[in-house]
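Hi,

Here is the structure I promised to pass on. Have a look at it first, and then read my notes underneath.

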There are 2 protein chains.
Amino acid sequence: MPELEQLQDVGEFGLISRLTAGASPGCGVVTGIGDDAAVTTLAPGMQLLTSTDMLLEDVHFRRSWHDPYRLGRKSLAVNISDIAAMGGIPRWALLSLAIPADMPLDYLDRFSAGFLSMAAGHGVSLIGGDTCSSRAGLAISVTIMGEQLPAHILRRSGALPGDEIWVTGTLGDAALGLKLLEGGFDSAQPPNAAQPPNAAQSPNADHRPSTALPPECALSGVEGNDFLIARLLDPTPRAAVGQALATSGLLSAMIDVSDGVLSDFGHIAEQSGVGGIIQLDKLPLSAAFMASTHPSASPNYLAVSGGEDYELCFTAPPAHREKICRVMKKCGVQATPVGIVTSSREVAVLNADGSRHHTANAGYNHFS
Amino acid sequence: MPELEQLQDVGEFGLISRLTAGASPGCGVVTGIGDDAAVTTLAPGMQLLTSTDMLLEDVHFRRSWHDPYRLGRKSLAVNISDIAAMGGIPRWALLSLAIPADMPLDYLDRFSAGFLSMAAGHGVSLIGGDTCSSRAGLAISVTIMGEQLPAHILRRSGALPGDEIWVTGTLGDAALGLKLLEGGFDSAQPPNAAQPPNAAQSPNADHRPSTALPPECALSGVEGNDFLIARLLDPTPRAAVGQALATSGLLSAMIDVSDGVLSDFGHIAEQSGVGGIIQLDKLPLSAAFMASTHPSASPNYLAVSGGEDYELCFTAPPAHREKICRVMKKCGVQATPVGIVTSSREVAVLNADGSRHHTANAGYNHFS
């Protein structure tokens, strides 16, 4: 049996060729990978949206939990989620990797196949990046760019007292999935996750592992603990939903839920100069979350303050409720009103009986 | 004496406030730091230029060599250099930091002051980023965006046989500076490098350490080994020169010299489908390089294949020589013809007597 090809066999430029073999030039790309900078053009009248996220081994992910294919998908998904939260159209991505010297090329091929499958699914072109060696673990830095007409861009700062607070999808799944993994639950490798090394060369093939979360217009399929773990390892950014909501003109503010809805609605509240009441019993929970016997599944702590939902939280006047439901129905994604914006400058979570819910944690703090 | 403030005292959002306290909204910035994505606008008719670089502790820099102020400057400078190489106008930057838990806040304050001083010097606005904790060393990822009219953007692919090969400034200084540091040369901390913690709050003050490389229109000042080391630790991106050359319409191709002129001209050659002859005795050397008694200073190996010059290498028809000199004179930066583009598909380095120079290394390979 031949030895696995190693990084030092192909060198930096060989690696870049492998990583980008499945990347295809897309909308607005004038010059992609291979020059000092990429050259792109915005569509007429569009403004540029830019965001970046870093994922570090043993901080944001563990190689023993995250198969490389889904890690590649997730590293782009969390960035697309930021563009979705502005109502933008994701367009271009830069991918930087700091790679441990002993990492098998096969791992990187599968990572790349996952990254490019997420890109292809959202019309995103990989236009550049950086590769270097790492003395610690794998470090991933992704920058995403998108575009939108100025009138359709949604910010955190537009919420008004009396608006309803909404969330898409269900909350707490990923946080519960993390608890399961931390508790030793054996996450079965999805059957298609182990991509062949040449998977990166066929970007149009459907590399989605069969246990991955279904596309955002069909929130069903995987069940039980596998569903919860798939929500953690292979989140679905709400790009189409974000665009549909933004262009509807019905909303006053939007954010993506990455640190728990309490923390993230808190950012809307702070930047809008308002407060809010979130009703615990209204938080949408998945069937898998409700069926879980894990001690963290009850009470709803994880749905309020758990991280990595990558759903959208938005605000809108109550008069727009029906129209919002129609937009969401077209997208095939549920959205749920979970509270109300107030003028108090305080964000409170209430139990079903109206008493105040005391959360142990107001969201993830990276330096606590 | 009060204890140094630590990262965990201020938390993630406190840190972001400190890091960005000196950032001011700039050209084309609609929404800067604080939302899910930054919003910017390109000037009419402009195309977007994008590049990204990662700097890792103990791979790209050592904390014992790089004071944080100059590290901050350099982490943006190497990105600005990529925009310069396209002839672009640098505009906006994203800064991601993975930070060891025990890193003093003071270190980050000084890093930030350096980063923002480089930004202010080139009209760049810090519009976003990411911060997280690192279990290994400090990791820095910067994305730069710039703009330029399509007709003025210079690529690697336009060189034609018969064109002259030029380089700006001098070559090999930074590589020799690295040899000096590796050999134990004691780099004196520049007097102004130890910025007070609140330096980030006065972005318009001149934080440039007195031993830093002078601005790109005055290549003189610091001398000897200090000059060589300053070229390594505090490189000056050739942004104004790159724009002046690009808008002159005199050039056929351009790249920045980060891995040695042999390697980097090699990229021009490859993408233009040409070759070239570089004449060793024509490579521009600084007075400090020529005066150095370090064994690596002779022969000119470091000027051919040393890294981190961050000068520009460009090609142009010989008929444009005088006009190019006039452009460079206006910028106050020297440029030197060092060879000729050929149709051979091979890049050769010749000694003064016309014999072939055999280099030990064709540039830095990140995975060798």
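Below is what I found, starting with the sheet and then moving to one of its strands.

Keep in mind that this is a predicted model. What caught my eye is an open sheet of six strands with mixed pairing, in the order S5(A)-S4(A)-S6(A)-S3(A)-S2(B)-S1(B). The edges are held by S5 (125-134) of chain A and S1 (29-31) of chain B; each has a single partner strand, so one side of each is left without a neighbour in the sheet. Going from one strand to the next, the twist averages 20 degrees.

Now for S6 of chain A, residues 139-148. Which strands does it pair with? One is S3 of chain A (residues 47-56), antiparallel to S6(A) and joined to it by 10 bridges. Within that pairing, Leu49(A) has Gly146(A) as its bridge partner, while Thr50(A) is partnered by Met145(A). S4(A) also runs antiparallel to S6(A), with nine bridges between them; here Ile89(A) sits opposite Glu147(A).

Is S6(A) mostly covered or mostly open? Mostly covered: 10 of its 10 residues are buried. Ala139(A), Ser141(A), Thr143(A), Met145(A) and Glu147(A) point one way, and Ile140(A), Val142(A), Ile144(A), Gly146(A) and Gln148(A) point the other way, all of them buried.

There is a helix to look at too. H2 of chain A (residues 68-85) packs on the sheet, where it touches S3, S4 (89-100) and S6 of chain A. The direction of H2 makes about 30 degrees with that of S6(A).

Cheers

Methods
Residues are numbered from 1 along each chain as its sequence is written. Chains are lettered from A and ligands numbered from 1 in the order in which they are written. This is a predicted model: local features need pLDDT of at least 70, side-chain atom pairs count only at pLDDT 80 or more; totals for chains, interfaces and linings use all residues. Two strands pair if DSSP finds at least two bridges between them. Helices (H or I, at least four residues) and strands (E, at least two) are DSSP runs, numbered from the N terminus. Axes are lines fitted to C-alpha atoms, for helices over the stretch in contact, and angles run from 0 to 180 degrees between N-to-C directions. Two residues are in contact if their C-beta atoms, placed from the backbone, lie within 7 Å. A residue is buried if 20 or more other C-beta atoms lie within 10 Å of its own, exposed if 12 or fewer, and partly exposed in between; C-beta atoms are placed from the backbone.
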